[in-house]
Amino acid sequence: MTNVASLTVEDGIGILTIDSPPVNALGINVRRALHDGFNSLAADNAVKAIVLICGGRTFFAGADISEFGSEPVRPHLGDVFEAIENVGKPVVAAIHGTALGGGLETALICNYRIAVPSAKVGLPEVNLGLLPGAGGTQRLPRIVGPEIALDLIISGRPISAKQALEYGVIDALAEEGTLREDAIAFARTVADKPPVRVRDRDDKVAPYRGKPELFSEFRKKNARAFRGFKAPENIIKAIEAAVELPFDEGIEREMELFLELEPSIESQAQRYAFFGERETSKIPDVPSSTPTIPVKSVGVIGAGTMGGGITMNFLNVGIPVTLVEMNQAALDRGVAVIRKNYENSAKKGKLTIEQVEKRMALVNPVIGIEALSDVDLVIEAVFEEMAIKKEIFSKLDRIAKQGAILATNTSFLDIDEIAAVTGRPEWVIGLHFFSPANVMRLLEVVRGEKTSIEVIATGMKLARQIGKVPVLSRVCWGFIANRIMAKRAIQGDALILEGPTPQEVDKVIYDYGFAMGPFQMSDLVGLDVIGRDSAERTVAGDLVKLDRLGQKKNGGYYDYDESRKATPSPVAAEIIADFAKAKGIENKGKQSDEEILARLLYPVVNEGAKLLDEGIALRASDIDMASILGYNWPVYTGGPMFWADTVGLPKIVAKLREYEAKYGAEFTASPLLVKLAEEGKSFTRG
Ligand code: T1G
């Protein structure tokens, strides 16, 4: 057992320090150290009060997520909490960093809590498809009341030490840098007091007893947001138990509700996504020791929707941006949209006016790219037209300083072809943002054949710096997310010619867990936008010819009333029937939801397997992260590749072969998918 604990006694105060990098997760070594440490402190009569503190970057950041799914090893967290609660002396939790999940629950089992101002505390288990299973749903409501507890535990949002003090979650603030000393001093003030226990407090929950409306209204208000997730309902039930049941029964109820979640596919998927988001930064031929290039100033070419959103990401973290357009009107429009976005955030209380002005002061709007001669990074975000991009990059080659990174935000075009017009292809990379660029967390970092590993490492690091999750891709049409999701769009367009209606297809995708189906999305985005690049005739193109542009004008696949409520459109149905007839496709009538889902998503899985076959994507979880973070693929399914493993790869291969026989090579199963299916292996389960 590695020694993660140190125990000292200073003038009657026992100090138990746990130091288990990287985040003092409450894995078996830490649990053993706590259990043994508190048992020896209980037996030491010289100890009048105890300080529990952590070394390294943070107080306990929760249970060890990697232990879930395997047989729990004693001492369990419950055993540790019993040792703490029965130590018979006041215990002060000294908090720095992020006391999260089981970490905060450990602090709540202590009698007092003191934290440095920079600390944060929270119960984020909901993000893992779980609930606080070590008393958090029973203790937190006893401190802050069920209403605030519902908000904090369902949102999983951490709160600052200052907010925690206001809520009574902590008892005092320490000075930055003197947490240990301040905690010892605090312990001295309570050493001769009988230990208070959160579990004995009833004043915050009693007023809600026998009044279920708080919970029923909360359920109703959040039904849409909770759709498909299991954890929120169980959290609500656990907090209801904190109000209605005596503490020990509430703890039992909490454990029952936790054990319903822990083995669920939804929680396995969300825990997989937690690690998957961190795995994306691990690149075999770009070691974490690779030197990176400092990026202290950025140039963005194009102040349209993408350029504006991209710019905001850098302003948000204090990096100045020179924003370039070709004319003043476009520039003014772009800057105005950025300002409006920030002012909307300020209206929602997410930003102060000072923060808005501070960010706006960092954007330097100019006409012409000559102004980019001194920036560390240029991101081109102009129209998706190769000739235009080539012209810009050949100019940049002359203008940008040596050592500047030249990035393109292209969604589909060949980055090697763009790099080839410069004399510095090693410095050219793709930074592919997803719209809205200031919101979506996915950033596809596209390495060209010649992109240097320093530039790749810089792109990956910069992504995290601006709050994105980077997924590395090599060059191909559509890179990762767009390429696999294009398969869903193609099959959706094909299906509505064979019998299923747009609303039947949309319903299957909505029921699967997406916010909306492909045809509702097309109507929302605008059919003139969706169909714009298509060379051949499409249903969307035929609808546009009738001036049916979607929600914004005359409806599209659906008709809309003045409140934009969608109804099936007879006009669209006729257009679809005419189109099918012209292509000689017979209407085979309705198909089952299962059949529609397979036809829509199995090709997506197959394309993901091809990405791995071709070395475009590094790992299956990267494809899942790109889908979840770029297309809002429902996280509780784990993404296409994790989901495919739950469906069973042999079943998917068999269905693809059936489609191949019917429709041709579009459905030929990737060699990797076939191999894994035949060997009984999986994409994501080792
Ligand atoms: N368990 C195991 N490993 C963890 C971990 C955890 N709880 N938290 C972080 N790591 C690893 C992470 O995988 C990465 O590893 C490294 O630490 C740095 O993390 C009973 C059931 C604490 C805010 O949900 O939110 O308690 O990639 O890159 O950006 O009721 O990690 O270096 O190999 O994220 O500075 C509840 C999860 C668990 C907190 C730090 N706790 N962690 O962020 O670093 S369930 C959580 C975080 C629970 C109880 C329930 C963040 C962080 P590697 P990082 P960071």
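In the predicted model, strand β3, helix α2 and strand β4 form a β-α-β unit of right-handed sense. The two strands of this unit, β3 (residues 49-54) and β4, run parallel and are joined by four bridges. Within this pairing, V51 is located opposite V92 of β4. The connecting helix, α2, spans residues 77-85, and its buried residues are L77, D79, V80, F81, A83 and I84. The cover over these buried positions includes helix α1 (28-43), strand β4 (91-95) and helix α3 (102-109).

Strand β4 is itself mostly covered, five of its five residues being buried. The side chains alternate in direction: V91, A93 and I95 point one way, V92 and A94 point the other way, and all are buried. Besides its pairing with β3, β4 pairs with β6 in the parallel sense, again through four bridges. A93 has R113 of β6 as its bridge partner.

These strands belong to an open sheet of six strands with mixed pairing, ordered β1-β2-β3-β4-β6-β9. The edges of the sheet are formed by β1 (5-10) and β9 (172-173), each of which pairs on one side only. At the β9 edge, the neighbouring strand β6 (residues 112-115) runs parallel to β9 and is connected to β9 by two bridges. In this pair, I114 stands opposite A172.

The ligand is surrounded by 27 residues, of which R57, A63, G102, E105 and R278 are the closest. Several polar atoms approach oxygen atoms of the ligand. For R57, a polar side-chain atom lies 2.4 Å from a ligand oxygen atom. For G102, the atom concerned is a backbone N or O, at 2.8 Å from an oxygen atom of the ligand. A polar side-chain atom of K282 is placed 3.4 Å from a ligand oxygen atom.

An unreviewed UniProt entry places the feature "domain: 3-hydroxyacyl-CoA dehydrogenase NAD binding" at residues 298-473. This span is 41% helix and 22% strand, and the C-alpha atoms at its ends lie 22 Å apart. Strand β10 (residues 298-301) runs parallel to β13, and four bridges join the two. I301 of β10 has E380 of β13 as its bridge partner. Strand β13 (residues 377-380) is covered on both faces, with L377 and I379 buried on one side and V378 and E380 buried on the other. β13 also pairs in the parallel sense with strand β14 (residues 405-408), over four bridges. In that pairing, V378 stands opposite L406 of β14. From β13 the chain passes through helix α15 (residues 386-399) to reach β14, in a β-α-β crossover that is right-handed.

For the feature "domain: 3-hydroxyacyl-CoA dehydrogenase C-terminal", the unreviewed UniProt entry lists residues 478-560 and 596-681. The second of these spans, residues 596-681, is 71% helix and 0% strand, with its end C-alpha atoms 26 Å apart. S563 is located in the loop between β18 (558-560) and β19 (566-568). The relative accessible area of S563 is 55%, so this residue is classed as exposed, the threshold being over 50%. The side chain of S563 makes a polar contact of 2.8 Å with the side chain of D561.

Terms used: Residues are numbered from 1 along each chain as its sequence is written. This is a predicted model: local features need pLDDT of at least 70, side-chain atom pairs count only at pLDDT 80 or more; totals for chains, interfaces and linings use all residues. Side-chain values use heavy atoms; hydrogens and water are left out. UniProt positions are given in the numbering used here, feature names are shortened, and annotations may be inferred rather than shown by experiment. Buried means under 20% relative accessible area, exposed over 50%, partly exposed in between (1.4 Å probe, protein chains only). Contact means heavy atoms within 4.5 Å. Two strands pair if DSSP finds at least two bridges between them. A crossover is right-handed if, with the strands pointing away from the viewer, the path from the first strand over the helix to the second runs clockwise. A residue is near a molecule or strand if one of its heavy atoms lies within 4 Å of it. A polar contact is a pair of N or O atoms within 3.5 Å; within protein, one must be able to donate a hydrogen and the other to accept it, and residues adjacent in sequence count only if both atoms are side-chain atoms.
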